[in-house]
Each structure stands twice: as structure tokens, then as C-alpha cells.
Amino acid sequence: METLLQNLFADTPVLTVPWSIDYFSVIAGVLTGALFACDRKLDIIGTVVCGLITGYGGGVLRDTLMQGTGVYFTSHPDLIVVCILLCAFVFYFRGVFRHLEATVFFADALSVGLFALAGASKAVAFQQGMVLSIIMGAITAVGGGAIRDICVGEIPSVFKRSNYYAVAGLGGATAYVVLARFGCPLALAGVACVFAVVFLRYWSVYFDWRTTAEADLTPRVARGLRRAGGVVTGVFLHGGDDERRRRDRAVQTGGMKPAGGGGDDVHDEGGEASGQHAEDETWPQNLR
């Protein structure tokens, strides 16, 4: 145990994950894939294939994209045998897992976190950069499940409105890469990665947080642009309206004279003419 902790928290440029934790993440992924196949009424071959794809698919896709870094699937044949036996056990004794939903959910969330850690840490170790390291972590976390869904003719669940799954994997990978980039010990960054994934996964289910299936911001942006256009138009085109109205009122008031004395008709006609002239000047404003 002491040696395990020393290896885990050693200050090295590459995070070394103990083989037991590595194996657990794959086995948990295989278990969820086999249960998925049983729910779809697949036979023993379909159950084994779905289990292996779920457990290994993300890692194989990551290793294929990175090229020249080795393939995890072909490096551990003993683990492949264990996974096949596990899939067979799930197929023939599926009733055992009906009473372990909470345990299976926790194992699934933990495996997603460990997959995200495995993908991000390998990319960081091979100096793939922050962006590619985060992407590789997310692909490793959810790639197997996406390939599994495609194999059974379904839209991958990570592409549909659901509780945080891909978002959780992406968040965990981001946490690891950012902490590693700023000099945090890799062991602590790995713990933060797994914790972030499990935290987001559980809280999204507890609070029913879901990704959005449809989002159209066009109406909101259009309303904002119309309001901004109205403000700009008012400032630059109608800024002198108040002054023009005051001037028109002054002209109208100056043209009106009190009744009495000679020349009242002339003054009245002049006032009416001035008033008519002011109205002519302001009639476009009245239309507005």
C-alpha cells in the first residue's frame, strides 16, 4: 500500500495510474455495455461485443488518433479474457444486477471519470497540447458508449438531450489538463478529474440537469438588434426634434395677437398662415 501511494503521488512529468485502477475502469465499462446489450435482447455474441466496445472503444479511438503511442487493447490480453467472462456472466445471470442499480450507476460514473483521466493524461504525457488533450480525454470517456449505440442502430446517447454524460467527461478532462498545465501535482489533478466527472454526473441526475436539444437565439438577437437600431436612430436622426418643436411653438405663439382694434383680420390671417406654416413643417413628425 505504501509503495502504491508513493508511485501515485510521485512528482513525475507523467502520471502513472496503478494497473488495478486501470483494470477497474475497463471492467466497469464492460459491465455497463453488457447490461445495455441485455436490455436490447441481444444474444451472447452481441452481449460480449457490446461489452468490449463499451470498455475499449474510447481508448482504441484515442490510440488510433494519436498514432505511434501503442494500443491499450492489444497490450493486455489477460484483461480481454476477464472481460469476456464477465460479459458471459452478465448474460446468464442478469437478474443479479437488477437489484444493484445504484452500484452499477456509481461504477459507470467512476469509469467515465477514470477513462477521461486515462485519455487526458496520456495526451499530456505525449505533449499533445491543452486543446487536443481535453478532446482526447472526452473521446476516451464517452467514445466507447457512442460506438456501442451506433452498432445497435441508435443515435448515440451523448448526442441526445440527457443528463450530463459527455459534459461530465469533458469537464473532468478540462480540470486535469488545466491543473497539470499550471504545475499542480499530477496525482491531485487526476483526483480532481475523477471527482469532477462523478460530481457532475450525480448532480445532473439529482437536479435533473439536461443538455438542450433545441436552442435558437435568432429571435433574441433580432430583438436586441432592433432595440439597438432604435436607440441609434433616435440619437443621430431625431436628436434635434425637441429643439424643432420648441421653435415651432414660439413661431405659433408670436403669430397670434389679442382680439380688438383695426387690422384684426389681417393679424388673424397672418397668425393662421404662421400656424399653417408651422403645421406644414411639423407634419412628418406627427405622422411618426
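A pocket is an open set of grid points with protein on both sides within 12 Å along at least five of seven lines. In this predicted model, the largest pocket holds about 770 Å³ of space. Its lining counts 26 residues. Nearest the pocket's centre lie Thr32, Leu35, Phe36, Asp39 and Arg40. Helix 2, residues 19-39, helix 6 and helix 7 are the elements that each give two or more residues to this lining. Helix 2 supplies the largest share, with 5 residues.

Now turn to enclosed space. Rolling a probe the size of a water molecule over the atoms shows where empty space is left. A search of the whole structure finds 1 cavity of 30 Å³ or more. The largest cavity holds about 60 Å³ of space. Its lining includes Gly29, Thr32, Thr54, Asp108 and Ser111. Val112, Phe115, Ala141, Gly145 and Tyr165 also line the cavity. Helix 2, helix 6 and helix 7 each supply at least two of the lining residues. Here the largest share, 4 residues, comes from helix 6. Those three helices thus appear in the cavity lining and in the pocket lining. Thr32 is named in both places: it lines the cavity, and it is among the residues nearest the centre of the pocket.

Next comes helix 8, residues 166-181. It has 16 residues and reaches 22 Å from its first C-alpha to its last. That is close to the 22 Å expected at 1.5 Å a residue. Which residues of helix 8 are buried? They are Ala168, Gly169, Gly172, Ala173, Tyr176, Val177 and Ala180. These buried residues lie on the same side of helix 8, because they cover an arc of only 160 degrees around the axis. What covers the buried residues of helix 8? The cover includes helix 6 (101-125), helix 7 (130-151) and helix 9 (186-206). Just after helix 8, glycine 183 takes a positive phi of about 85 degrees.

Helix 9 follows. It has 21 residues. Its first and last C-alpha atoms are 30 Å apart, close to the 30 Å expected at 1.5 Å a residue. Its buried residues are Leu186, Ala187, Ala189, Gly190, Cys193, Val194, Ala196, Val197, Val198, Arg201 and Ser204. Arg201 is thus one of the buried residues of this helix. Just after helix 9, aspartate 208 takes a positive phi of about 55 degrees.

Tryptophan 203 also lies in helix 9. Is tryptophan 203 buried or exposed? Neither: its relative accessible area is 37%, so tryptophan 203 is partly exposed. Burial would need a value under 20%, and exposure one over 50%. Leaving aside neighbours within four places in sequence, tryptophan 203 is in contact with Asp208 and Trp209. Asp208 is the aspartate with the positive phi. The C-alpha atoms of tryptophan 203 and asparagine 163 are separated by 9.1 Å. Along the chain, these two residues are 40 residues apart.

Finally, consider confidence. The protein chain averages a pLDDT of 82. Of the residues, 78% score at least 70. Two stretches call for care. Over residues 257-273, pLDDT stays under 50. There the model has 5 contacts beyond four places in sequence. Over residues 282-288, pLDDT also stays under 50, and the model has 5 such contacts. Where pLDDT is low, the predicted coordinates should not be read in detail.

Conventions
Residues are numbered from 1 along each chain as its sequence is written. This is a predicted model: local features need pLDDT of at least 70, side-chain atom pairs count only at pLDDT 80 or more; totals for chains, interfaces and linings use all residues. Side-chain values use heavy atoms; hydrogens and water are left out. The expected span of a helix is 1.5 Å times one less than its number of residues. Buried means under 20% relative accessible area, exposed over 50%, partly exposed in between (1.4 Å probe, protein chains only). The arc is that of the directions from the helix axis to the C-beta atoms. Contact means heavy atoms within 4.5 Å. pLDDT is the predictor's confidence in each residue, from 0 to 100. On a 1 Å grid over the protein atoms alone, a cavity is a set of points where a 1.4 Å probe fits but cannot get out, and a pocket is an open set with protein on both sides within 12 Å along at least five of seven lines; lining residues have an atom within 4 Å of a point. Grid points are joined across faces, edges and corners, and a volume is the space filled by probe spheres set on the points.
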